[in-house]
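Thanks for making the time, everyone. I would like to walk through one model with you, taking the helix packing and then a handful of individual residues.

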Amino acid sequence: LHAEVLARYREPQRHYHTVQHLDECFERWPELRAHAEHPAEVELALWFHDAIYDTHRSDNEALSAALALGTALGLGVAQESAQRISDLILCTRHAVEPQGADAEALIDVDLSILGAAPARFDEYELQVRQEYAWVPEETFRQRRAEILGQFLARRHIYSTKVFRERYEPRARANLARSLSTLGRA
């Protein structure tokens, strides 16, 4: 199963949603593990949160959640636990701010790239552009500016106190710089 999941993150169309992203998430995870109510479930959600990723689709999170749910149930995980894992993955759509300790921990870890050192953040932005190479430049710039602007407009980018203190200022600076580059500052 581990090899199968990693193979998904190594698909050739991926440039950001890769094993590097997983590694970076798991590097940040120890900072928030104690915050989680069900840390093992958050860890499983991290493994599966981008298991299915196709930039031509809008239901990647739902498909990844369904894959995690089916896999967990197939391995004998209790229905309630498997459902929580699936629900956590659905939170990675980032449509609303996370609710609950587990969702807060998962989402903060998933978004930790926003608070990365500027050079890594710039690399991330290039990787995202590569994943959407099929999108015309102006359309990409407009949509990317909307997405980044939504994060910047939030009262807090990160839900947990520890990530707000450690990464929020740099995340805001990175987002503002990227928006300026996109011509949308």
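Let me begin with helix α1, residues 2–9, and helix α3, residues 39–48, whose axes come within 10 Å of each other and cross at roughly 45°. Please keep in mind throughout that this is a predicted model. With that crossing angle, α1 counts as oblique to α3, because oblique covers the angles that are neither roughly parallel, roughly antiparallel nor roughly perpendicular. On the α1 side the contact is made by H2, V5, L6 and Y9, and on the α3 side by L46, W47 and F48. If we sort the residues of this contact by class, six are nonpolar, one is polar and none is charged.

Helix α3 has a further partner, helix α6, which spans residues 101–110, and here the axes again come within 10 Å, with a crossing of roughly 35°. The crossing of α3 and α6 is right-handed. The residues that meet are V42, A45 and L46 from α3, and D102, L106 and V109 from α6. By class, the contact of α3 with α6 contains five nonpolar residues, no polar residue and one charged residue. You may notice that L46 takes part in the contact with α1 and also in the contact with α6.

The next pair I would like to show is α2 and helix α9, the latter running over residues 161–181, where the axes come within 10 Å and cross at roughly 130°. These two helices are therefore oblique to each other, and their crossing is right-handed. From α2 the contact draws on R28, E31 and L32, while α9 contributes V162, F163, R166 and Y167. Which classes do the residues in the contact of α2 with α9 fall into? Four are nonpolar, none is polar and three are charged.

Staying with α2, which covers residues 19–32, let me turn to two of its residues, H21 and Q20. Is H21 buried or exposed? H21 is buried, because its relative accessible area is 2%, and the cut-off for buried is under 20%. Setting aside residues up to four places away in sequence, H21 touches Y16, H49, D50 and D110. Q20, by contrast, is partly exposed, with a relative accessible area of 29%. Again not counting residues up to four places away in sequence, Q20 touches R120, E123 and Q127. Q20 and R84 are 64 residues apart along the chain, and their C-alpha atoms are separated by 25 Å.

Now to the cysteines, where the question is how many disulfides the structure holds. The number is zero. C25 is in no disulfide, and the nearest cysteine sulfur, which belongs to C91, is 14 Å away. A disulfide requires the two sulfur atoms to lie within 2.5 Å. C25 is buried, at a relative accessible area of 1%, whereas C91 is partly exposed, at 27%.

The next residue is a matter of backbone geometry. As background, most residues other than glycine have a negative phi. H94 has a positive phi of about 60° although it is not a glycine. H94 lies in the loop between α5, residues 79–91, and α6, and H94 is buried, with a relative accessible area of 18%.

I will finish with two residues that sit in helices elsewhere in the chain. P118 has its place in helix α7, residues 118–131, and P118 counts as partly exposed at 40% relative accessibility. Leaving aside neighbours within four places in sequence, P118 is in contact with R170, N174 and R177. The C-alpha atoms of P118 and A173 are separated by 8.8 Å, although the two residues are 55 residues apart along the chain. G70, in turn, is found in helix α4, residues 60–74, and G70 is partly exposed, with a relative accessible area of 44%. G70 and A82 are 12 residues apart in sequence, and from C-alpha to C-alpha they are 8.2 Å apart in space.

How values were computed. Residues are numbered from 1 along each chain as its sequence is written. This is a predicted model: local features need pLDDT of at least 70, side-chain atom pairs count only at pLDDT 80 or more; totals for chains, interfaces and linings use all residues. Side-chain values use heavy atoms; hydrogens and water are left out. Axes are lines fitted to C-alpha atoms, for helices over the stretch in contact, and angles run from 0 to 180 degrees between N-to-C directions. Helices (H or I, at least four residues) and strands (E, at least two) are DSSP runs, numbered from the N terminus. Angles under 35 degrees count as roughly parallel, over 145 as roughly antiparallel, 65 to 115 as roughly perpendicular and the rest as oblique. Contact means heavy atoms within 4.5 Å. Ala, Val, Leu, Ile, Met, Phe, Trp, Tyr, Cys and Pro count as nonpolar, Asp, Glu, Lys and Arg as charged, and the others, Gly among them, as polar. Buried means under 20% relative accessible area, exposed over 50%, partly exposed in between (1.4 Å probe, protein chains only). A crossing is left-handed if the near helix is turned anticlockwise from the far one by less than a right angle, and right-handed if clockwise.
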